[in-house]
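The following exercises are to be worked with the sequence and the coordinates at hand. Each task is followed by a solution in steps.

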Amino acid sequence: MKVLKKVQLITDGACLGNPGPGGWAAILRYNGQKKELWGSEKHTTNNRMELRAAIEGLRALKEKCEVEAVTDSEYVKNGITSWIHGWKKKGWMTAAKKPVVNQDLWQDLDEQVTRHTMTWTWTKGHANHADNNRCDELASQAAKDQSNS
């Protein structure tokens, strides 16, 4: 059996207004190496940017890995580890029988997650997690940069 690479993925999203111009960022750490990724969307929400950060970070991995995803978004962590199971059973409807918000991104994230062995860790945002703070800087800058264009 092949031993999987152990990768840490740290993510964050930002939005100037909610909705408004948004940015996302991800840091991948593997074997002492660090890769930073970021991007933006003109009109979006903070939750969409949080999801996009996780999706793009996982998409950047070219082979199956053992991934510890670190997020400051309880929405992302709870959604992918718990809520998504019920949504899928109910045809992407919530317990209140309403369509799942951000279904397109949840489906993208679900597809990326199934490619890897995953654990999810929540960290307090804007606190003492250096990589989470760096992701916040990158995501905020991405949102600002494209909001001026």
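## Exercise 1. A loop residue and its contacts

Setting aside residues within four places in sequence, His129 touches Ile10, Val70 and Thr123. The model is a predicted one.

**Task.** Determine where His129 lies in the fold and how far its C-alpha atom is from that of Ile10.

**Solution.**
1. His129 is placed in the loop between β5 and α4.
2. Along the chain, His129 and Ile10 are 119 residues apart.
3. In space, their C-alpha atoms are separated by 9.8 Å.
4. Gly125 belongs to the loop between β5 (117–122) and α4 (130–147) as well. Beyond four places in sequence, the contacts of Gly125 are Asp72 and Asn132.
5. Gly125 and Leu28 are 97 residues apart in sequence, with 18 Å between their C-alpha atoms.

## Exercise 2. The chain as a whole

**Task.** State the order of the elements from the N terminus on, and explain why the protein chain may be called as compact as a globular protein of that length.

**Solution.**
1. The protein chain contains four helices and five strands.
2. Read from the N terminus, the order is β-β-β-α-β-α-α-β-α.
3. The radius of gyration is 15 Å, close to the 15 Å that the globule rule gives for 149 residues, so the chain is as compact as a globular protein of that length.
4. Along the principal axes, the C-alpha atoms fill a box of roughly 45 × 40 × 25 Å.
5. Of the 149 residues, 46% are buried.
6. Among contacts with a separation of 6 or more, 67% join residues 24 or more positions apart.

## Exercise 3. The largest pocket and Val7

**Task.** Describe the largest pocket by its volume and its lining, then examine Val7 as one of the residues closest to its centre.

**Solution.**
1. The largest pocket holds about 260 Å³ of space.
2. It is lined by 13 residues, and those closest to the centre are Val7, Leu28, Tyr30, Ala60 and Leu61.
3. The elements giving two or more residues to this lining are β1 (5–15), β2 (20–30) and β3 (33–44).
4. By type, the lining divides into six nonpolar, one polar and six charged residues.
5. Val7 itself is part of strand β1. Its relative accessibility is 6%, and because buried means under 20%, Val7 counts as buried.
6. Outside its neighbours within four places in sequence, Val7 is in contact with Leu28, Arg29, Tyr30, Leu61, Cys65, Glu66, Val67 and Glu68.
7. One of these contacts, Cys65, is 58 residues from Val7 in sequence, and the C-alpha atoms of the two are 6.7 Å apart.

## Exercise 4. Helix α1 and Ala26

**Task.** Compare the expected span of α1 with the distance between its end C-alpha atoms, and establish how much of this helix is buried.

**Solution.**
1. Helix α1 covers residues 46–59, which is 14 residues.
2. At 1.5 Å a residue, the helix should span 20 Å. The end C-alpha atoms are 20 Å apart, so the two values agree.
3. The helix is mostly covered, since 11 of its 14 residues are buried, the cut-off being under 20% relative accessible area.
4. The buried residues of α1 include Arg48, Glu50, Arg52, Ala53, Glu56 and Gly57.
5. Ala26, in strand β2, has a relative accessible area of 0% and is therefore buried.
6. Ala53 and Gly57 are among the residues that Ala26 touches, as are Leu9, Lys35 and Cys135, with residues up to four places away in sequence not counted.
7. Between the C-alpha atoms of Ala26 and Trp120, 94 residues apart along the chain, the separation is 14 Å.

## Exercise 5. Backbone features

**Task.** Identify the peptide bond that is cis, and characterise Trp92 and Asn102 by phi.

**Solution.**
1. The cis bond runs from Asn18 to Pro19, with omega near 15 degrees. Pro19 lies in the loop between β1 and β2.
2. Trp92 is not a glycine, yet has a positive phi of about 65 degrees.
3. Asn102, also not a glycine, has a positive phi of about 65 degrees.
4. Trp92 is found in the loop between α2 (74–89) and α3 (103–113), and Asn102 is found in the loop between α2 and α3.
5. Trp92 is buried at a relative accessible area of 12%, and Asn102 is buried at 11%.

Definitions and conventions. Residues numbered from 1 in each chain as written. Predicted model: local features only at pLDDT ≥ 70, side-chain atom pairs only at ≥ 80, totals over all residues. Heavy atoms only, no water. 1 Å grid on protein atoms, 1.4 Å probe; cavity = no way out; pocket = protein on both sides within 12 Å on 5 of 7 lines; lining within 4 Å. Points joined across faces, edges and corners; volume = space filled by probe spheres on them. Nonpolar A, V, L, I, M, F, W, Y, C, P; charged D, E, K, R; others polar. Expected span 1.5 Å × (residues − 1). Buried < 20%, exposed > 50% of the residue type's maximum accessible area, 1.4 Å probe, protein only. Rg over C-alpha atoms; globule rule 2.2 N^0.38 Å. Contact = heavy atoms within 4.5 Å.
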